[in-house]
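Here is a short tour of a two-chain model for your bench notes. Have the sequence and the structure open as you read, and follow along residue by residue.

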Amino acid sequence: MPKFAKGDAVSIADRSPVGHYRMPTYLRGKRGTIELVIGTMAVDNEEEAFGRNAGSKGHYYRVAIPMTEIWPDYVGSPNDGLRIEIFENWLERI
Amino acid sequence: MSDVDPHDHHHHDHDHDHAPISSDQPPGYYDIMETAVRELLIERKLFGADEIRRQIEVLDSRTPALGAKVVARAWTDPAFKERLLHNGRAACEELGITFYDDTELIVLENTPQVHNLIVCTLCSCYPRPVLGLPPDWYKLKPYRARAVYEPRAVLAEFGTTIAEEVEIRVSDSTAVVRYLVLPMRPAGTEDMNEEQLADLVTRDAMIGVVPVAYNREAA
């Protein structure tokens, strides 16, 4: 079962582990909403790269984040937003 | 966006001499690493040199014409459009477009209320099975950084002005999903068939930096 559902409010973890992480720095610590649970589960490549928990899978989520949440000085419509897929170990329920 | 050429003019005017194709530079660190890893994988029989060559041929065979065909079909076949928006990959596969990797495809529909733009801030994730290789500007840091910070200014540099009341939605493609923008069908194309429509659809429109244009006089 996916850990989150469409409409859940989430916050993105603010951590800086060593290694390659597909979680851009500019979004760490920001808050958003789950827009879509991405159906196919994927290997936790962050753990996999270090040989830990080999083969363990989890969900990615398409997360909607307002531009004004990311950039307090955003120039443009307050309706503008960003979408990004995030692996579930980076998301915290709020 | 000083070092990004939005029009991707790549010496298509052959009025100059090309540099000879030769490798007079010693290989760099990553060139050597790539060669070492590739040779090790072949030596261990995890894959063969022929498979690498075949995959390069597959990549080279993909062009924006495939995406244009998908868009034109969606404009002319509402049932297909619905399936495309529901599952982009499965709908493309219906048209014989194979996916050679594990990525999903989400098709983002532009409407009078929402304009979609695609970027990959971490690297150059791009819907290669349907568009081929990305343009150079898509991979450059100024585009990648600015598309998520000031998308309206970036769009303006492509000549695209999006009204203030239209929501800009930037999709940062960084992991398992690739995106294709389904642009709006331009006015005046009601009598055109699928093939004629596909000719109007450009690569940049499917990234979301420009709309699809139709000029009746020029056509």
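## Starting from Leu27(A)

Let's begin inside chain A. Apart from residues up to four places away in sequence, Leu27(A) touches Ile12(A), Ile65(A), Ile70(A), Leu82(A) and Ile84(A). Please keep in mind that this is a predicted model.

Leu27(A) also belongs to the largest nonpolar core, which has 80 residues. Leu27(A), Leu82(A), Leu91(A) and Tyr143(B) are the members with the most contacts inside this core. Helix α3(B), residues 64–76, supplies the largest share of the core, namely six residues. As a general point, nonpolar side chains tend to be buried together in soluble globular proteins.

## Chain A at a glance

Chain A contains five strands and two helices, and along the sequence they follow the pattern β-β-α-β-α-β-β. Taken along the principal axes, its C-alpha atoms fill a box of roughly 45 × 30 × 20 Å.

Of the 94 residues in chain A, 46% are buried. If you consider the chain A contacts between residues at least 6 apart in sequence, 62% of them join residues at least 24 apart.

## A sheet built from both chains

Which strands make up the open sheet, and in what order? There are seven, arranged as β5(A)-β1(A)-β2(A)-β3(A)-β4(A)-β3(B)-β2(B), and the pairing is mixed. The edges are held by β5(A), residues 91–93, and β2(B), residues 114–119; each has a single partner strand, so one side of each is left without a neighbour in the sheet. On average, and ignoring direction, neighbouring strands are turned by 35° against each other.

Within chain A, β1(A) (residues 9–12) pairs antiparallel with β2(A) (residues 31–43) through three bridges, and Val10(A) stands opposite Gly32(A) in β2(A). Strand β2(A) is also joined to β3(A) (residues 57–66), again in the antiparallel sense, by seven bridges. Here Val43(A) has Lys57(A) in β3(A) as its bridge partner. In chain B, β2(B) and β3(B) (residues 167–172) run parallel and are joined by six bridges, with Ile118(B) opposite Ser171(B) in β3(B).

A helix of chain B lies across strands of both chains: α8(B), residues 141–149, crosses β4(A) (81–87) along with β2(B) and β3(B). Its direction is at about 150° to β2(B).

## Chain B and its helices

Chain B has eleven helices and four strands. Of its 219 residues, 42% count as buried. Among chain B contacts with a separation of 6 or more, 68% come from residues 24 or more positions apart.

Back to α3(B), the helix with the largest share of the core. This helix has 13 residues and spans 19 Å from its first C-alpha to its last, close to the 18 Å expected at 1.5 Å a residue. Its buried residues are Gly67(B), Ala68(B), Val70(B), Val71(B), Ala72(B), Ala74(B) and Trp75(B). The elements covering them include α4(B) (78–86), α5(B) (88–94), α6(B) (128–131), β4(B) (177–182), α10(B) (194–200) and α11(B) (203–207).

For a contrast in setting, try Ile42(B), which is found in helix α1(B), residues 29–43. Ile42(B) is partly exposed, with a relative accessible area of 28%. Beyond its neighbours within four places in sequence, Ile42(B) is in contact with Phe47(B), Gly48(B), Ala49(B) and Ile52(B). Ile42(B) and Ile52(B) lie ten residues apart in sequence and 9.8 Å apart in space, C-alpha to C-alpha.

## What about the cysteines?

How many disulfides does a search of the whole structure find? The count is zero over all chains. For Cys92(B), the closest cysteine sulfur belongs to Cys125(B) and is 17 Å away, too far for a bond. Cys92(B) is also buried, at 0% relative accessibility.

Cys123(B) is in no disulfide either; the nearest cysteine sulfur, in Cys120(B), is 3.5 Å away, and a disulfide needs the two sulfur atoms within 2.5 Å. Cys123(B) is partly exposed, with a relative accessible area of 33%.

Technical notes
Residues numbered from 1 in each chain as written. Chains lettered and ligands numbered in written order. Predicted model: local features only at pLDDT ≥ 70, side-chain atom pairs only at ≥ 80, totals over all residues. Heavy atoms only, no water. Pairing = 2+ DSSP bridges. Axes fitted to C-alpha atoms, helices over the stretch in contact; angles between N-to-C directions. Contact = heavy atoms within 4.5 Å. Buried < 20%, exposed > 50% of the residue type's maximum accessible area, 1.4 Å probe, protein only. Core = buried A, V, L, I, M, F, W, Y, C linked by side-chain atoms within 4.5 Å. Expected span 1.5 Å × (residues − 1).
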